[in-house]
Amino acid sequence: MRDLDALDRADPLRGFRERFTVPKDIVYLDGNSLGGLPRATAARVADVVEREWGEGLIRSWNQAAWIDLPRRVGDKIARLIGARAGEVIVADSTSVNLFKALSGALGLRRDRRVILTEEDNFPTDLYIAEGVAALLGAELRRVAVDAIEDAMDDRVAVVSLTHVSYRTGRMHDLMRITKRAQAAGALMLWDLAHSAGAMPVDLDGCGADLAVGCGYKYLNGGPGAPAFLFVAERHQAAFRSPLSGWMGHAEPFAFAPGYRAAEGIARALVGTPPILSLAALEVGVDLALEADLGDVRAKSEALGETFITLVEGDCAGLGLRLASPRDPKQRGSQVCFAHDEGYAIMQALIARGVIGDFRAPDILRFGFAPLYVRFADVGHAVRHLREVLQHREWDRPEFKRRATVT
Ligand SMILES: *Cc1c(COP(=O)(O)O)cnc(C)c1O
């Protein structure tokens, strides 16, 4: 077996782990679902609460520049996803931003009425597309992942895909698919929920039209952190948000009776921004900006490789099937194994302090957040997984009871 501690000692990102409060004795492999807590977050949020809110009260909208936060944090996220300042805004949830982006895309391609997506896309991406299609009289076309490119005909207004599959970790070729969609006359909308902060992404380099993503996964913004929306600069003047709220107005504080969209990305805002959540998100984003995303990606690939090698060696014959692409170039920052008793196995692992998650019907999902996951953690996780399987430790009623959130 490789010397995992040696890999940790040689890791250029090793200094980042102590910037997070990972509990002792916990191996946290679920940062792709809820990122870890940066050490600096509690103090920053306390300061916003006690000083900016408690003392500054309403003056803080100007004096503490609260009003600029959606744009300021958006500009920072832009640097992580290959966008320019002024192309990204932080607001609402990923679901709501998908609604804005898909509706806006249909408005930009009025002669076309089809939203094309992958049938295995993340459910909210499908549900929102279904809602937008019903509302705007469009058609939602859902096809198998390998049929996407063939389904790009001259009726498709927008191709909506998630860069890294939440279920298998399979990763699309951002550049090739964007070019294909645009060659077919469609706009390309990427969901970067499992990419932002986990790898270099170059939205402007591939000429993407629209994108959305999550603040609480690899950006470590905290539970329910606001999400982001990218609209390429060239589309902004014509982009119309269907949610014409006052924060997206050209002059919110003119209190004019009629809506007039703000210039630029600000037109995608809706209502009053959640300042406490934005402050927490900014800490996570600042931390991500300190890391070299090339190093982050290299470590992510190496963690995934190590995990697969160890599981296939140590857990051979115990019923696990690799459900992620074997080629690291086609995989995001997670590795999934399928097992018929996946749910109970994951509960037994969590009881041992190894936290991953389960995705129906049979996927054990292990996420590797390179800023705080160590190679040694991968070793511990595999040892626990082998023991749970070998001793059928999962075969207990308490591990089979489904919780509300899996
Ligand atoms: C996590 C995730 C979401 C979450 O959407 P919310 O509106 O923030 O709940 C959306 N899409 C994908 C692909 C995700 O992985």
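**A sheet, a buried glycine and a helix pair**

Hello everyone, let's start with one pair of residues: A338 stands opposite I363 in β13. Keep in mind that this is a predicted model.

Now, what joins the strands here? Strand β10, residues 334-338, runs antiparallel to strand β13, residues 363-367, and 5 bridges join the two. They belong to an open sheet of 4 strands, ordered β9-β10-β13-β12, with antiparallel pairing. At the edges you'll find β9 (321-322) and β12 (357-359); each has a single partner strand, so one side of each is left without a neighbour in the sheet. Helix α11, residues 293-314, packs on this sheet and touches β9, β10 and β13. The direction of α11 makes about 25° with that of β10.

Next, please look at G342, which sits in helix α12, residues 342-351. Is G342 buried or exposed? Its relative accessible area is 0%, and being under 20%, G342 is buried. Beyond its neighbours within four places in sequence, G342 is in contact with F358 and L364. W66, by comparison, lies 44 Å from G342, C-alpha to C-alpha, and 276 residues away in sequence.

Finally, a pair of helices. The axes of α5 (residues 94-108) and α6 (residues 123-136) come within 9 Å and cross at roughly 40°, and the two helices are therefore oblique to each other. The crossing of α5 past α6 is right-handed. Among the residues making the contact are L98, F99 and L102 of α5, along with I128, A129 and V132 of α6. By type, the contact residues divide into 9 nonpolar, 3 polar and 1 charged.

Thanks for listening!

Note on methods. Residues are numbered from 1 along each chain as its sequence is written. This is a predicted model: local features need pLDDT of at least 70, side-chain atom pairs count only at pLDDT 80 or more; totals for chains, interfaces and linings use all residues. Side-chain values use heavy atoms; hydrogens and water are left out. Two strands pair if DSSP finds at least two bridges between them. Contact means heavy atoms within 4.5 Å. Axes are lines fitted to C-alpha atoms, for helices over the stretch in contact, and angles run from 0 to 180 degrees between N-to-C directions. Buried means under 20% relative accessible area, exposed over 50%, partly exposed in between (1.4 Å probe, protein chains only). Angles under 35 degrees count as roughly parallel, over 145 as roughly antiparallel, 65 to 115 as roughly perpendicular and the rest as oblique. A crossing is left-handed if the near helix is turned anticlockwise from the far one by less than a right angle, and right-handed if clockwise. Ala, Val, Leu, Ile, Met, Phe, Trp, Tyr, Cys and Pro count as nonpolar, Asp, Glu, Lys and Arg as charged, and the others, Gly among them, as polar.
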